[in-house]
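Subject: Structure handover

Hello,

Here is the structure I said I would pass on. My notes on what turned up follow below it.

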Amino acid sequence: MADVYLTKEAYKELEEKLVYLKSEGRVDVANKIRVARSFGDISENSEYDAAREEEAILEQEIIQIEETLKNAKIISKTKADTSKVGVGCTVEVYDMGFEENLTFKIMGSIESDPTIGQISNESPTGKALIGKEKGDIVEVHTPAGVQKYKVLSIKY
């Protein structure tokens with residue numbers, strides 16, 4: 001699994017979710033399996049099959065969260081090179097095609113939300129901006145074509 005970038009808050013949320021899934025989540029699924037078994041023959045018991053499927057999904061989610069936490073890199077404002085675009089920064093760019101200013105916050109893929117301007121470091125725009133400095137011209141290759149941006153400011 002590749003490195004996953006998370007804020008301290010997102011890391012804590014994942015830890016809390018993991019604790020919940022390992023305790024209350026597992027207990028809830030175990031109760032559903034117990035109740036479904038009480039209906040009799042499990043070979044033709046759709047409630048039992050559904051509960052076992054829910055258990056498999058829960059266990060897979062636990063494994064996925066554990067793997068994410070194991071590989072997570074916490075976004076640190078104090079260690080960042082503030083002269084270059086990096087994960088955790090807010091970068092203002094000038095879109096040379098549409099002649100407008102845009103602001104992006106570069107986040108890890110788990111926390112990205114393009115609808116509010118938080119883009120993933122793994123997205124075409126995020127990849128193109130990482131490592132750039134104020135004044136640099138960036139070409140972003142997207143399915144819609146090539147977009148050009150000029151980096152105006154970088155804030156952490």
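Ser-123 is a convenient place to begin: this residue sits in the loop that joins strand S5 (118-120) to helix H3 (124-129). Please keep in mind throughout that the model is predicted. Ser-123 has a relative accessibility of 19%, and because the limit for buried is under 20%, it counts as buried. Its side chain has a polar atom 3.0 Å from the backbone nitrogen of Gly-126.

Helix H1

H1 has 30 residues, and at 1.5 Å a residue they should span 44 Å. The C-alpha atoms at its two ends are 42 Å apart, which agrees with that figure. The helix does bend, by about 40°, and the bend is at Leu-21. Leu-21 is also one of the buried residues of H1, a list that includes Leu-14, Leu-18, Gly-25, Val-29 and Ile-33. What do the buried residues of H1 pack against? They pack against strand S1 (4-6) and H2.

Salt bridges

The count of salt bridges comes to 9. One of them joins Glu-59 to Arg-26, with the closest N and O atoms 2.8 Å apart. Glu-59 belongs to helix H2 (residues 46-71) and Arg-26 to helix H1 (residues 8-37), so this pair ties together parts that are 33 residues apart in sequence. Both ends are partly exposed: Glu-59 has a relative accessibility of 26%, and Arg-26 has a relative accessible area of 33%.

Two further salt bridges lie within H2. Glu-55 pairs with Arg-52, the closest N and O atoms being 3.4 Å apart. These two residues of helix H2 are 3 residues apart, about one turn of the helix. Glu-55 is partly exposed at 26% relative accessible area, and Arg-52 is partly exposed at 37%.

Glu-67 and Lys-70 also meet through their side chains, at 3.6 Å from N to O. They too are in helix H2, 3 residues apart, with about one helical turn between them. An α-helix has 3.6 residues a turn, so residues three or four places apart point the same way. Are the two ends of this bridge exposed or partly exposed? Glu-67 is partly exposed, with a relative accessible area of 29%, whereas Lys-70 is exposed, with 61%.

There is also a network of salt bridges, which links Asp-28, Lys-32 and Glu-54.

The aromatic pair

How many aromatic pairs does a search of the whole structure find? The search finds 1. The pair consists of Phe-104 and Tyr-149, whose ring centres are 6.0 Å apart and whose planes are at 70°, so it is edge-to-face. Phe-104 is in strand S4 (residues 100-107) and Tyr-149 is in strand S7 (residues 145-155), so the pair ties together parts 45 residues apart in sequence. Phe-104 and Tyr-149 are both buried.

Glu-99 and Glu-100

Glu-99 is found in the loop between strand S3 (90-95) and S4. What is the sign of its phi? The phi of Glu-99 is positive, about 50°, although the residue is not a glycine. Most residues other than glycine have a negative phi. Glu-99 counts as exposed, at 61% relative accessibility.

The next residue to look at is Glu-100, which is in strand S4. Glu-100 is partly exposed, with a relative accessible area of 37%. Setting aside neighbours within four places in sequence, Glu-100 is in contact with Val-93, Tyr-94 and Asp-95. How far apart in space are Glu-100 and Ser-38? From C-alpha to C-alpha the distance is 65 Å, and the two residues are 62 residues apart in sequence.

If you open the model with these notes beside you, two places to look at are the bend of H1 at Leu-21 and the salt bridge between Glu-59 and Arg-26.

Regards

Definitions and conventions: Residues are numbered from 1 along each chain as its sequence is written. This is a predicted model: local features need pLDDT of at least 70, side-chain atom pairs count only at pLDDT 80 or more; totals for chains, interfaces and linings use all residues. Side-chain values use heavy atoms; hydrogens and water are left out. Rings of Phe, Tyr and Trp (its six-membered ring) pair if their centres lie within 6.5 Å; planes under 30 degrees apart count as stacked, over 60 as edge-to-face and the rest as tilted. Helices (H or I, at least four residues) and strands (E, at least two) are DSSP runs, numbered from the N terminus. Buried means under 20% relative accessible area, exposed over 50%, partly exposed in between (1.4 Å probe, protein chains only). A salt bridge is a side-chain nitrogen of Lys or Arg within 4 Å of a carboxyl oxygen of Asp or Glu. The expected span of a helix is 1.5 Å times one less than its number of residues. The bend at a residue is the angle between axes fitted to the seven residues ending there and the seven starting there. Contact means heavy atoms within 4.5 Å. A polar contact is a pair of N or O atoms within 3.5 Å; within protein, one must be able to donate a hydrogen and the other to accept it, and residues adjacent in sequence count only if both atoms are side-chain atoms.
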